[in-house]
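Subject: The structure I promised you

Hi,

Here is the structure we talked about, so you can open it and click around while you read. My notes on what turned up in it come right after.

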Amino acid sequence: MQAPQLNQADLDPQTRNFYCQTLGLLNKARMPFLICGAYALERYTGIARHTKDLDLFIRPHDCQRILDLLAQAGLETEMAVPHWLAKATYGENFIDLIFRSANGYCEVDDAWFENAVADEVLGIPVQVCAPEDMIWSKAFVMARDRFDGADVAHLLLACGDCMNWARLLKNFGPHWRVLFSHLILFGFIYPEERSRIPDWVMNDLSQRLQQELNSPPPVANICRGPLLAPLQYLIDIEKWGYQDARLQPIGQLTPRNVEEWINHLHQEANSH
């Protein structure tokens, strides 16, 4: 796959300097990280979205030592939401350090690094998240105020021909319906590009759906909506009697994790 030319010339000089110094510091200290977010999307699709934050994906066990290193360099650091997100800030610019998805899934592990792509961002050598991992993490973002479906569609358009589809299916595991929904929408969005998704993938997922239709529904009254949009499905949990699929033992999170996540969303909304 040929990488589009990164369009980084218009970045604010102060922001650019902050990113370059931070990435250089991490490289010098041999701290493992992956570029994701807007810069990875630009690398694969050519779509440029300059923001005041830089998304770095890291392993959970590396988070604290990276925070310590950045704090020693004079950045303000915080564990914003302990189960998935930390931040490092300098003035109005900040870096998000992400080690799993907010819903408790998509944890960054060695496989993310083994499948990453070597590249440069702002002249700094880095590793960029593989498109399979970007799709996995973005596919669950379906809230009213943020829907990453267009990013998923653009990644499929740009990378579908050379993607590791077996790995992508494995990533989604029991949540294959989420992937299937994006693939069906892709065929709607780009009817002439459907061949970018291998027939065997659509046949595999179609067979899974048929098997479900031929089986009795689960007895448990579960709502998986909060895995996709945490605020829009609160009524299902709080008033309509559904079990929250985020919570253990069904999901990955504790009640405290959910509370911290919701508080973070409210803080983010109030700061804008």
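Below I go through the core, two helices, the pockets and a few odd spots in the backbone. One thing to keep in mind from the start: this is a predicted model.

**The core**

A good place to begin is the inside. In soluble globular proteins, nonpolar side chains tend to be buried together. Here the largest nonpolar core has 77 residues, and the members that touch the most others are Leu23, Ile35, Leu56, Leu97, Trp112 and Phe172. Helix α8, residues 176-189, gives the largest share of this core, with six residues.

Try picking Leu56 and showing its surroundings. Leaving aside residues up to four places away in sequence, Leu56 touches Leu23, Leu26, Phe33, Leu34, Ile35, Ile95, Asp96, Leu97 and Ile98.

**Two helices to look at: α7 and α8**

Since α8 came up already, let's stay with it. α8 has 14 residues, and from its first C-alpha to its last it reaches 20 Å, close to the 20 Å expected at 1.5 Å a residue. Which residues of α8 are buried? They are Trp176, Val178, Leu179, Phe180, His182, Leu183 and Phe186. The cover over these buried residues includes α6 (149-159), α7 (165-172) and α9 (199-213).

Now step back along the chain to α7. This helix is mostly covered, with six of its eight residues buried. Those buried residues are Trp165, Arg167, Leu168, Leu169, Asn171 and Phe172. You may recognise Phe172 as one of the core members that touch the most others. Among the elements that cover the buried part of α7 are α4 (110-114), α5, α6, α8 and α9. Just after α7 comes Gly173, which takes a positive phi of about 50°.

**The pockets**

The largest pocket has a volume of about 1400 Å³. It is lined by 41 residues, and those closest to its centre are Trp84, Asp96, Val141, Arg146 and Glu268. The elements that give two or more residues to this lining are α2 (37-45), β2 (53-57), β4 (85-90), β5 (93-98), α5 (131-138) and α11 (255-271). The largest share, six residues, comes from α11. What is the mix of classes in the lining of the largest pocket? There are 21 nonpolar, nine polar and 11 charged residues. Asp96 is worth a second look, as it also appears among the contacts of Leu56.

The second largest pocket has a volume of about 570 Å³. Of the 17 residues lining it, Pro174, Arg177, Glu212, Pro218 and Arg224 are the closest to its centre. Helix α8 turns up again here: α8 gives the largest share of this lining, three residues. By class, the lining of the second largest pocket divides into 11 nonpolar, three polar and three charged residues.

**Odd spots in the backbone**

Cys106 has a positive phi of about 55° although it is not a glycine. You will find Cys106 in the loop between β5 and α4. Is Cys106 buried or exposed? Its relative accessible area is 3%, so Cys106 counts as buried.

Leu122 also has a positive phi of about 55° without being a glycine. Leu122 sits in the loop between β6 (117-121) and β7 (124-128), and at 7% relative accessibility Leu122 counts as buried.

There is a cis peptide bond too: it joins Gln248 and Pro249, with omega at about 5°. Pro249 is in the loop between β9 (243-244) and α11.

**Two more residues to click on**

Ser137 lies in helix α5. Why does Ser137 count as buried? Because its relative accessibility is 12%, and buried means under 20%. Leaving aside residues up to four places away in sequence, Ser137 touches Phe57, Ser101 and Cys106, so Cys106 from the odd spots comes back here.

Gln21 is in helix α1, residues 13-28. At 53% relative accessibility, Gln21 counts as exposed. Gln21 and Ile124 are 103 residues apart along the chain, yet their C-alpha atoms are separated by 9.5 Å.

Have fun exploring!

Note on methods: Residues are numbered from 1 along each chain as its sequence is written. This is a predicted model: local features need pLDDT of at least 70, side-chain atom pairs count only at pLDDT 80 or more; totals for chains, interfaces and linings use all residues. Side-chain values use heavy atoms; hydrogens and water are left out. A nonpolar core is a set of buried Ala, Val, Leu, Ile, Met, Phe, Trp, Tyr and Cys residues joined through side-chain atoms within 4.5 Å. Buried means under 20% relative accessible area, exposed over 50%, partly exposed in between (1.4 Å probe, protein chains only). Helices (H or I, at least four residues) and strands (E, at least two) are DSSP runs, numbered from the N terminus. Contact means heavy atoms within 4.5 Å. On a 1 Å grid over the protein atoms alone, a cavity is a set of points where a 1.4 Å probe fits but cannot get out, and a pocket is an open set with protein on both sides within 12 Å along at least five of seven lines; lining residues have an atom within 4 Å of a point. Grid points are joined across faces, edges and corners, and a volume is the space filled by probe spheres set on the points. Ala, Val, Leu, Ile, Met, Phe, Trp, Tyr, Cys and Pro count as nonpolar, Asp, Glu, Lys and Arg as charged, and the others, Gly among them, as polar. The expected span of a helix is 1.5 Å times one less than its number of residues.
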